[in-house]
Amino acid sequence: MSAMPSMQVNGTTLHVEVDGPEDAPVLVLSHSLFFDHRMYDAQVAGLAATHRVVRYDHRGQGSSARAPRAELDMDTLTDDAAALIEALGLGPVTFYGNSMGGFVALRLAARRPDLVAGVVVACSSAATEGSIAEFDPLVTALGEHGITPVVDIVAHIMLGDTTLTDPARAELLASTRAHFATLDRDIADAAWQVVHRAEITGELPGIGVPALVIAGTEDHAYPVALSEEIARLVPGADLVVVDGAGHSVACEQPERVNALLTDFAARTAPVPG
């Protein structure tokens, strides 16, 4: 693992880690709410021998700089991602985003196609939040009391039934819950922006880069229908539905995701040099 110095881009400081050969196709991995770059440890383990894998923490999360709620909106996070790719001199890249990262991936593909050879959008949505009434009380609880009283709810949102109940995934469940327990109350600010995000459905028909949409059959947050909508609206997009995975498919079914990423990048990503 190669931890880079914290990078100053777009008026903030992002934690960035880069692994893999410099002359390999580039994968940029954008994490979900409640996670950080470590969400993709299994992708680094499986792909860094043949790909240059870039992971970063969104502003306001992980080891990146904190920011006020007003600066954690999806448009700002997209500008951060674009500025990071430019600062690293790595475009065009294959950009993979899960949930919040998927919001960024769609906006990046629509607005900065010069920086992306293709996008993979996992367990995400192009619409406004359909469960604001259910999620707003959770956001309030996170801000007032922290995550401990609601960690079971967060785990249910972020993980599928197999991960929550199968003894074979007990280690993944335990490590994920342990990570959630480390989150500060300011995670509520990022969560608020997720819940109150603007839609981007109107921009999807204009996306001209290759796109792969991944959904989990056990996703408690965003059902498969939301991924189907993305795939229908983005010209030429492919849809893959993964069994035995919830909202965190890269963690829950890493071998399947790694295979999909390898194939997609082989078809779309240029080799540097």
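Two strands pair if DSSP finds at least two bridges between them. Helices (H or I, at least four residues) and strands (E, at least two) are DSSP runs, numbered from the N terminus. The model is predicted: local features need pLDDT of at least 70, side-chain atom pairs count only at pLDDT 80 or more, and totals for chains, interfaces and linings use all residues. Residues are numbered from 1 along each chain as its sequence is written, and side-chain values use heavy atoms, with hydrogens and water left out.

**Exercise 1.** Find the strands that pair with strand 5, and name a bridge partner in each.

*Solution.* Start with strand 6 (residues 52–56): strand 5 pairs with it in the parallel sense, over five bridges. Here Val28 stands opposite Val54. Next, look at strand 7, which runs parallel to strand 5 and is joined to it by four bridges. In this pair, Ser30 has Gly97 as its bridge partner.

Now follow the chain: strand 5, helix 1 (residues 41–47) and strand 6 form a right-handed β-α-β unit. Right-handed means that, with the strands pointing away from the viewer, the path from the first strand over the helix to the second runs clockwise.

**Exercise 2.** Work out why strand 5 is described as largely enclosed.

*Solution.* First, the cut-offs: buried means under 20% relative accessible area, exposed over 50%, and partly exposed in between (1.4 Å probe, protein chains only). In strand 5 (residues 26–30), five of the five residues are buried, so the rest of the structure largely encloses it. Then check the directions: Val26, Val28 and Ser30 point one way, Leu27 and Leu29 the other, and all are buried. In a regular strand, side chains alternate between the two faces of the sheet.

**Exercise 3.** Check the span of helix 3 and its burial.

*Solution.* The expected span is 1.5 Å times one less than the number of residues. For the twelve residues of helix 3 (residues 100–111) that gives 16 Å, and the end C-alpha atoms are 17 Å apart, which agrees. Ten of the twelve residues are buried, so helix 3 is largely enclosed by the rest of the structure. Among them are Phe103, Leu106 and Arg107.

**Exercise 4.** Locate the unusual backbone angles at Asn10, Cys123 and Pro92.

*Solution.* Most residues other than glycine have a negative phi, and most peptide bonds are trans. Asn10, though not a glycine, has a positive phi of about 50°; Asn10 sits in the loop between strand 2 (7–9) and strand 3 (12–14) and is partly exposed at 39% relative accessibility. Cys123 also has a positive phi, near 50°, but Cys123 is buried, at 1%. Finally, the peptide bond from Gly91 to Pro92 is cis, with omega near -5°.
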